[in-house]
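Thanks for coming, everyone. I will take the rings, then the charges, then one helix and the core.

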Amino acid sequence: MKHNKIALALTGILLAGSANAEITLNGFASIVAGVTTASDESLYGYDDSIDFSPDSLFALQASSDLGEGLSITAQILSRGADDWDPKFEWAYVGYQANDNLKILAGRQRIPFYMYSDFLDVSYAYPWITPPRGVYDVPFDTFDGIAAIYSMQLGDFDTTLHAIYGGNNSDIEVLGTESSADFKNFAGASLTLTREWLTLRGAYFQTEMDIDLLAIKPLVDGWNGVGQNHIASQIDIASDTSEFIELGFQLDFDQIIIVGEYSSLSLDDTALPGQESYYLMAGYRFNNMMVHVTYGVDEDDQDPIALNYQIPGIPDGTAVEFLPEDLQALIRGTETLDTATDEDTSYITLGLRWDFHQSAALKFEYTSFSDDLDSNNDSGLFRTALVTVF
């Protein structure tokens, strides 16, 4: 209801301003259905019952040129996974300072990835959704300022996109919704394009606090026995996170090859770092494209150092001879260490059919393998109708 009121308020403001500035409305939509290949499988929010919710979405974007370089843009997006509740993805004011430099202020997309500018616009890329793993940071917008500087660097068209701001939205961590605060979020991406070649790199850093209920008993427990240095390795308070991305694209008339690598580190927390990459090759013919993608996701972290010192307990005492509450803390911490590890890979085969000048049908099959637990191996069929308007 809160988002509905905000949406109506913005619409009213935009309509009120239409007497002085023309408003342009655009939009995009994805209607996606998916089902796993067996009754005991689940993947990306799907199971063995056909489901239209996890990846379906609908969005409207309003923009207006106010003249003298000033413009406004707002994008409202509803996802099936969120019961179609509308949410502001973008809401910013832009200022074109000169031919090369544009300044943005407000809520914007973080340029984490090669496809960040149209992350939710499935019509703009080959897959139904971008490869999981690389495209897996639990938030992708920020509130703050950005500068986009375009220039010619030798034979390359070059774009530098620098940002500074924060994000305090709830995010999903370890399968639960948690309140989070990312402060001093700063970094930049650099994209170089020459004919069929695109090269890209990005680096971002932030200070973070995440109120993760799943780890609170361990944090309170270690603090309760006076081992604050162990508790500080588990909780997520005033810690630092870094993100690195490298990517390339070779786009010829019929053949396209895309690859991206990302690394996410979260220092002194119970959450593991992540390393992911994918490589996609596609072939265009008539109004169709077939493509295949291979990707790997690896989450790992150094074990939490259980260097406790309890008065009255000699060093080296076996765990089974420790007080029960200390045994529970040690075993709970060891379980947390291993529960967050991930070593998975996937192969996705896809077909895109551009049957309309503004719409396409997509068909994909993904074979997912979990190298740590084969019970999580899954197969997923998805089909999608995607459009822009």
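**Rings, charges and core**

Start with Phe185, which is buried, with a relative accessible area of 4%. Buried here means under 20% relative accessible area, exposed means over 50%, and partly exposed is in between, with a 1.4 Å probe and protein chains only.

Some ground rules. This is a predicted model, where local features need pLDDT of at least 70 and side-chain atom pairs count only at pLDDT 80 or more, while totals for chains, interfaces and linings use all residues. Residues are numbered from 1 along each chain as its sequence is written, and side-chain values use heavy atoms, with hydrogens and water left out.

Now the rings. The structure holds 22 aromatic pairs. Rings of Phe, Tyr and Trp (its six-membered ring) pair if their centres lie within 6.5 Å; planes under 30 degrees apart are stacked, over 60 edge-to-face, and the rest tilted.

What is the geometry of Phe139 and Phe185? Their centres are 5.9 Å apart and their planes are at 80°, so this pair is edge-to-face. The pair links distant parts of the chain, with the two positions 46 residues apart in numbering. Phe139 sits in the loop between β5 (101-109) and β6 (141-153), and Phe185 in strand β9 (residues 176-194). Helices (H or I, at least four residues) and strands (E, at least two) are DSSP runs, numbered from the N terminus. Phe139 is buried as well, at 8% relative accessible area.

The structure also holds a tilted case among its 22 aromatic pairs. Phe112 and Tyr113 are 5.5 Å centre to centre, with 45° between the planes. Both Phe112 and Tyr113 are buried. Ring pairs join these residues into a cluster: Phe112, Tyr113, Tyr135, Phe139, Phe182, Phe185, Phe204 and Phe243.

Two arginines lie over ring faces. Arg132 is over Tyr44, at 4.4 Å from the ring centre. Arg352 is over Tyr123, at 4.9 Å from the ring centre. The rule is NZ of Lys or CZ of Arg within 6 Å of the ring centre and within 35 degrees of the ring normal.

On to salt bridges. The criterion is a side-chain nitrogen of Lys or Arg within 4 Å of a carboxyl oxygen of Asp or Glu. By this rule the count is 14.

Take Glu89 and Arg109. Their closest N and O atoms are 3.2 Å apart. This pair links distant parts of the chain: Glu89 is in strand β4 (residues 86-96) and Arg109 in strand β5, 20 residues apart. Are these two buried or exposed? Glu89 is buried at 4% relative accessible area, and Arg109 is buried at 6%. Both belong to a salt-bridge network with Arg79, Asp120 and Asp140.

Next, Arg107 and Asp143 meet in a salt bridge, 2.8 Å from N to O. Arg107 is in strand β5 and Asp143 in strand β6, 36 residues apart. Arg107 is partly exposed, at 22% relative accessible area. Asp143 is also partly exposed, at 33%.

One further bridge joins Asp155 to Arg194, with the closest N and O atoms 3.7 Å apart. Asp155 lies in the loop between β6 and β7 (156-167), and Arg194 in strand β9, 39 residues apart. Asp155 counts as exposed at 52% relative accessibility. Arg194, at 38%, counts as partly exposed.

Now helix α2 (residues 216-224). Its buried residues are Leu218, Val219, Gly221 and Trp222. Why do they share a side of α2? They cover an arc of only 165° around the axis, which puts them on the same side (the arc is that of the directions from the helix axis to the C-beta atoms). The face turned away carries the exposed residues Pro217 and Gly224. The buried residues of α2 pack against α3 (228-234) and α4 (324-339), where contact means heavy atoms within 4.5 Å. After α2 comes Gly226, with a positive phi near 80°.

Last, the core. A nonpolar core is a set of buried Ala, Val, Leu, Ile, Met, Phe, Trp, Tyr and Cys residues joined through side-chain atoms within 4.5 Å. The largest one has 64 residues, of which Ile210, Trp222, Ile234 and Tyr278 touch the most other members. Leaving out residues up to four places away in sequence, Ile234 touches Leu218, Val219 and Trp222, among others. A second, separate core of 5 residues includes Phe28, Ala59, Leu77 and Val121.
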